[in-house]
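Hi everyone, thanks for making time this morning. I'd like to walk you through one protein model, so please have the sequence and the viewer open.

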Amino acid sequence: MPHYLLSVVEPSFGDPPPPADLEKIMAQVDRFDREMREAGVWVFSGGLHPPATASTLRPKGEDVLVSDGPFIEGKEHLGGFSIIDVPDLDAALEWGRKAVAATTLPVEVRPFRW
């Protein structure tokens with residue numbers, strides 16, 4: 001079956017949700033993760049630290065330059081992701097809808113290339 005990447009898009013600026021709201025969201029995300037596993041579609045998932053923790057490597061001739069921070073600054077960034085194993089795009093979009101409901105954030109669905 002094809003694999004799809006569900007990318008959770010977080011805002012780069014602004015305040016995080018209040019603790020009570022964040023606790024509810026994290027419980028929803030845990031339920032969503034369990035649902036994927038129980039359905040047998042889960043391949044891998046994880047959350048990412050903020051973009052400021054990134055290191056970016058760029059080619060420069062024969063060398064590789066390393067810099068602190070994200071590749072580009074943006075209003076949004078990749079906050080987490082799941083890789084799922086489903087029959088087709090329609091099934092992936094359905095899991096994407098569930099991810100949006102759980103995270104309360106935008107989710108990009110994209111075919112995963114092997």
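I'll go through the sheet, then the helices, then two pockets, and end at the tail of the chain. Please keep in mind as we go that this is a predicted model.

Let's begin with the sheet. Four strands make up an open sheet, and reading across it the order is E2-E5-E1-E6, with antiparallel pairing. The edges are strand E2, residues 42-47, and strand E6, residues 107-111, each of which pairs on one side only. On average, neighbouring strands in this sheet are turned by 20° against each other, if we ignore direction. As a general reminder, strands of a sheet pair through backbone hydrogen bonds, either parallel or antiparallel.

Now zoom in on strand E1, which covers residues 3-11 and pairs with E6 in the antiparallel sense over five bridges. If you want landmarks on that side, Leu6 sits opposite Val109 of E6, and Tyr4 has Pro111 in E6 as its bridge partner. How many bridges join E1 to E5? There are nine, and these two strands also run antiparallel. A handy marker for that pairing is Pro11, which stands opposite Glu76 in E5.

Next come the helices, which you can find against the sheet. Helix H1, residues 19-39, packs on the sheet and touches E1, E2 and strand E5, which spans 76-85. The direction of H1 makes about 160° with that of E2. Helix H2, residues 89-103, packs on the sheet as well, and its contacts are with E1, E5 and E6. The direction of H2 makes about 155° with that of E6.

Let me stop at one residue of H2, Thr103. Is Thr103 buried or exposed? Its relative accessible area is 11%, and because the cut-off for buried is under 20%, Thr103 counts as buried. Who is around it? Setting aside neighbours within four places in sequence, Thr103 is in contact with Val8, Ile25 and Val29.

On to the pockets. The largest pocket holds about 850 Å³ of space. It has 34 lining residues, and the closest to its centre are Val8, Glu10, Met26, Gly79 and Leu105. So you'll recognise Val8 here, which we just met as a contact of Thr103. Which elements supply at least two residues each to this lining? They are E1, H1, E2, E5 and H2. The biggest contribution is from H1, with seven residues. Sorted by class, the lining has 19 nonpolar, 12 polar and three charged residues.

The second largest pocket has about 240 Å³ of space. Its lining includes Ser12, Phe13, Pro51, Phe71 and His77, and also Glu76, the residue we saw opposite Pro11. By class, that lining comes to seven nonpolar, three polar and two charged residues.

Last stop, the tail. Trp114 lies in the segment after E6. With a relative accessibility of 74%, Trp114 counts as exposed, because exposed means over 50%. Where does Trp114 sit relative to His3? The two are 111 residues apart along the chain, and their C-alpha atoms are separated by 8.8 Å.

That's my tour, and I'm happy to take questions.

Terms used:
Residues are numbered from 1 along each chain as its sequence is written. This is a predicted model: local features need pLDDT of at least 70, side-chain atom pairs count only at pLDDT 80 or more; totals for chains, interfaces and linings use all residues. Side-chain values use heavy atoms; hydrogens and water are left out. Two strands pair if DSSP finds at least two bridges between them. Axes are lines fitted to C-alpha atoms, for helices over the stretch in contact, and angles run from 0 to 180 degrees between N-to-C directions. Contact means heavy atoms within 4.5 Å. Buried means under 20% relative accessible area, exposed over 50%, partly exposed in between (1.4 Å probe, protein chains only). On a 1 Å grid over the protein atoms alone, a cavity is a set of points where a 1.4 Å probe fits but cannot get out, and a pocket is an open set with protein on both sides within 12 Å along at least five of seven lines; lining residues have an atom within 4 Å of a point. Grid points are joined across faces, edges and corners, and a volume is the space filled by probe spheres set on the points. Ala, Val, Leu, Ile, Met, Phe, Trp, Tyr, Cys and Pro count as nonpolar, Asp, Glu, Lys and Arg as charged, and the others, Gly among them, as polar.
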